[in-house]
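Welcome! Take a moment to look over the sequence and the model, then use the points below as a guided tour.

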Amino acid sequence: MEARSFIVVSLFLSFFLISTASAQLSRDFYKNTCPNVESIVKSAVTNKFRQTFVTAPATLRLFFHDCFVRGCDASVLLASPNNNAEKDHPDNLSLAGDGFDTVIKAKAALDNDSRCKNKVSCADILALATRDVVVLTGGPNYPVELGRRDGRRSTIASVQRQLPHPEFNLDQLNAIFATHGLTQTDMIALSGAHTIGFSHCNRFSKRIFNFSPRSPIDPTLNTAYAFQLRQMCPLGVDPSIAINMDPTTSRTFDNVYFKNLQQGKGLFTSDQILFADTRSRAIVNSFASNGAAFNQAFINAMTKLGRVGVLTGRQGEIRLDCSTVN
């Protein structure tokens, strides 16, 4: 009974904090201090994207990892001289450098404008850049609420048990998303970002080589796809090798990710379970058959995610350098 009461209270506080945050964020937060913030960031992100496609999945994943630990406060960008920051946790070591570089370049572009210099938080830059890479890959455009402040703390310990893992089942996924006020529909929509994602082989090797004593290959995995994965990720493969999470349209933000799940082509257990578990299958089928429905659900989920744990007003700071506190 105590555990159930704790969960209820936690969920209430999550919804309360998100509601409070949404009241303090606004779409035109910088209209008097940096009116061209969106166009400046978009230009910098577009230039970076033209250099490498990895800009898109790297930035999107960086935003997610930031918001799920201490809230959307850009704490994941902070560096530590003794490797004790969020980015140093094993769950974050695979965050691609191009995501960090995207924020750095957008920050530099803003600082080149006298009206914007040191006026825009790194947290807001990351939120805007994330929207921009979604659009650049063919995904939906959506308004970004602004007014976040940058956090001053980033510890490796704060990441522990805060991020979903590739082997999570539906209950585990729902539980970790619910702590941030996100529903099962939000979770499934956000998982759709894997349509442009990539993964290192060691994150799913168990599914294709030693799933269980009776079945070396996960039975929920499409057999032909499993053998294809074995060819791309043989035992002993270079750990730096990464493959696309969407084997069909890996460079386009679309709803094909959900169509892949219907065919048993979800790369992670946490992907395929969305279709394998009957409690979530209807949503997967809906998104697979209706791209517009997925896009709207994704927009709703990203807006809610962007409100998680934000610092506003006089909380936190506006960093002069996104990698270090002032």
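**A charged pair out of sight**

With a relative accessibility of 6%, Arg131 counts as buried. Its partner in a salt bridge is Asp132, and the closest N and O atoms of the two are 2.9 Å apart. Asp132 is buried as well, at 5% relative accessibility. Keep in mind as you read that this is a predicted model.

**More salt bridges**

- How many salt bridges does a search of the whole structure find? The search finds 15.
- Asp111 pairs with Lys107 in a salt bridge, where the closest N and O atoms are 3.6 Å apart.
- Both Asp111 and Lys107 belong to helix α4, and they sit four residues apart, about one turn of the helix.
- An α-helix has 3.6 residues a turn, so residues three or four places apart point the same way.
- Asp111 counts as buried because its relative accessibility is 18%, under the 20% cut-off.
- Lys107 also counts as buried, with a relative accessibility of 7%.
- For a pair with a different setting, find Lys31 and Asp28, whose side chains form a salt bridge at 3.6 Å, N to O.
- Lys31 is exposed, since its relative accessible area is 51% and the cut-off for exposed is over 50%.
- Asp28 is partly exposed, with a relative accessible area of 40%.

**A network around Asp98**

- Salt bridges can also link up: Lys48, Asp98, Asp101 and Lys105 are joined in a network of them.
- Asp98 is part of helix α4, and at 23% relative accessibility Asp98 counts as partly exposed.
- Leaving out residues up to four places away in sequence, Asp98 touches Lys48, Thr52, Val54, Thr55, Ala58 and Thr59.
- To get a feel for distance, look for Phe211, which is 113 residues from Asp98 along the chain, with 33 Å between their C-alpha atoms.

**A buried aspartate with no salt bridge**

- Where does Asp254 lie? Look in the loop between β2 (242–244) and α10.
- Asp254 is buried but has no salt bridge, and the nearest side chain of opposite charge, that of Lys259, is 7.8 Å away.
- A salt bridge needs the charged atoms to be within 4 Å, so the 7.8 Å to Lys259 does not qualify.
- Asp254 does have a polar contact of 3.0 Å with Thr195, side chain to side chain.
- A polar atom of the Asp254 side chain also lies 3.1 Å from the backbone nitrogen of Val256.
- Beyond its neighbours within four places in sequence, Asp254 is in contact with Thr195, Asp246, Thr249 and Phe294.

**A mostly covered helix**

- Helix α7 spans residues 184–191, and six of its eight residues are buried.
- Those buried residues are Asp186, Met187, Ile188, Ala189, Leu190 and Ser191.
- Which helices do the buried residues of α7 pack against? They pack against α6, α10 (256–262), α11 (269–276), α12 (278–289) and α13 (291–305).

**Empty space inside**

- Rolling a probe the size of a water molecule over the atoms shows where empty space is left.
- The structure contains two cavities of 30 Å³ or more, and the largest cavity has a volume of about 650 Å³.
- The lining of the largest cavity is made of 33 residues, and Arg61, Phe64, His65, His194 and Phe268 are those nearest its centre.
- At least two lining residues come from each of α3, α6, α7, β1 (198–200), α11 and α13.
- Helix α3 gives the largest share of this lining, with six residues.

**Two positive phi angles**

- Ala74 has a phi near 60°, a positive value in a residue other than glycine.
- You will find Ala74 in the loop between α3 (55–67) and α4 (97–111).
- Is Ala74 buried or exposed? Ala74 is buried, with a relative accessible area of 0%.
- Arg161 is not a glycine either, and its phi is positive at about 60°.
- Arg161 is in the loop between α5 (122–136) and α6 (170–178).
- Arg161 counts as exposed, with 69% relative accessibility.

Terms used. Residues are numbered from 1 along each chain as its sequence is written. This is a predicted model: local features need pLDDT of at least 70, side-chain atom pairs count only at pLDDT 80 or more; totals for chains, interfaces and linings use all residues. Side-chain values use heavy atoms; hydrogens and water are left out. Buried means under 20% relative accessible area, exposed over 50%, partly exposed in between (1.4 Å probe, protein chains only). Contact means heavy atoms within 4.5 Å. Lys and Arg count as positive and Asp and Glu as negative; His and the chain ends are not counted. A polar contact is a pair of N or O atoms within 3.5 Å; within protein, one must be able to donate a hydrogen and the other to accept it, and residues adjacent in sequence count only if both atoms are side-chain atoms. On a 1 Å grid over the protein atoms alone, a cavity is a set of points where a 1.4 Å probe fits but cannot get out, and a pocket is an open set with protein on both sides within 12 Å along at least five of seven lines; lining residues have an atom within 4 Å of a point. Grid points are joined across faces, edges and corners, and a volume is the space filled by probe spheres set on the points.
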